[in-house]
Amino acid sequence: MSDCLFCRIVQRQIPASIVYEDEHVLAFNDINPQAPTHVLVIPKRHVASLDELGAADDAIVGELVRRAAAIARERGITAGGYRTVFNTNRDAGQTVFHVHLHLIGGRTMSWPPG
Ligand code: 5GP
Ligand code: ZN
């Protein structure tokens, strides 16, 4: 999707601070970090939101979640704890309509979210 910001990052048409890449997954630092670690983990294939996922996407969702956990481990924030978030549609504040898992950590967070 040429008009999708995250597809353009996948295609290297827009620069990003990439922290991990493989055949299916890309992870990069959020441009407006909300914590010392704020990484976005995305499927390379365009999927607009969780609502668009089908059974065939189960493997990629697993890869996103396990990759977030691996990046957290690499950064030494696992014991302290971290948050993983998929925002979906308006009420959750989704602004980029390409599935992305936020990995947020490195500071104490409150709950419930605002
Ligand atoms: P959402 O609100 O859709 O869950 O999250 C979108 C995230 O993408 C936001 O945290 C925002 O800061 C981040 N973002 C928006 N544009 C860019 C960009 O061009 N580059 C990077 N690295 N992150 C972006
Ligand atoms: Zn996309």
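Trainee: Why is Arg-12 called partly exposed in this predicted model?

Mentor: Its relative accessibility is 46%. Buried means under 20% and exposed over 50%, with partly exposed in between, so Arg-12 at 46% counts as partly exposed. Arg-12 lies in the loop between H1 and strand S1 (18-21), and has a positive phi of about 65° without being a glycine.

Trainee: What makes Asn-89 partly exposed?

Mentor: The relative accessible area of Asn-89 is 36%. That value falls between the limits of 20% and 50%, and therefore Asn-89 is partly exposed. Asn-89 belongs to helix H3 (residues 89-92), and phi of this non-glycine residue is positive, near 65°.

Trainee: What makes the approach of Asp-30 to ligand 1 a polar contact?

Mentor: An N or O atom in the Asp-30 side chain is 2.5 Å from an oxygen atom of ligand 1. The cut-off for a pair of N or O atoms is 3.5 Å, so the pair qualifies. At Thr-95, a backbone N or O atom is 2.7 Å from a ligand 1 oxygen atom. For Ile-31, a polar backbone atom is 3.3 Å from a nitrogen atom of ligand 1. The protein covers 84% of the 520 Å² of accessible area that ligand 1 has on its own.

Trainee: Which class does Asp-30 belong to, and how many charged residues are in the shell around ligand 1?

Mentor: Asp counts as charged, and the shell has one charged residue, with seven nonpolar and eight polar ones. Helix H1 (5-10) and strand S2 (25-29) each supply at least two shell residues; H1 gives the largest share, three.

How values were computed: Residues are numbered from 1 along each chain as its sequence is written. Chains are lettered from A and ligands numbered from 1 in the order in which they are written. This is a predicted model: local features need pLDDT of at least 70, side-chain atom pairs count only at pLDDT 80 or more; totals for chains, interfaces and linings use all residues. Side-chain values use heavy atoms; hydrogens and water are left out. A polar contact is a pair of N or O atoms within 3.5 Å; within protein, one must be able to donate a hydrogen and the other to accept it, and residues adjacent in sequence count only if both atoms are side-chain atoms. Accessible areas come from the Shrake-Rupley method with a 1.4 Å probe; for residues, only the protein chains shown count as cover. Helices (H or I, at least four residues) and strands (E, at least two) are DSSP runs, numbered from the N terminus. Buried means under 20% relative accessible area, exposed over 50%, partly exposed in between (1.4 Å probe, protein chains only).
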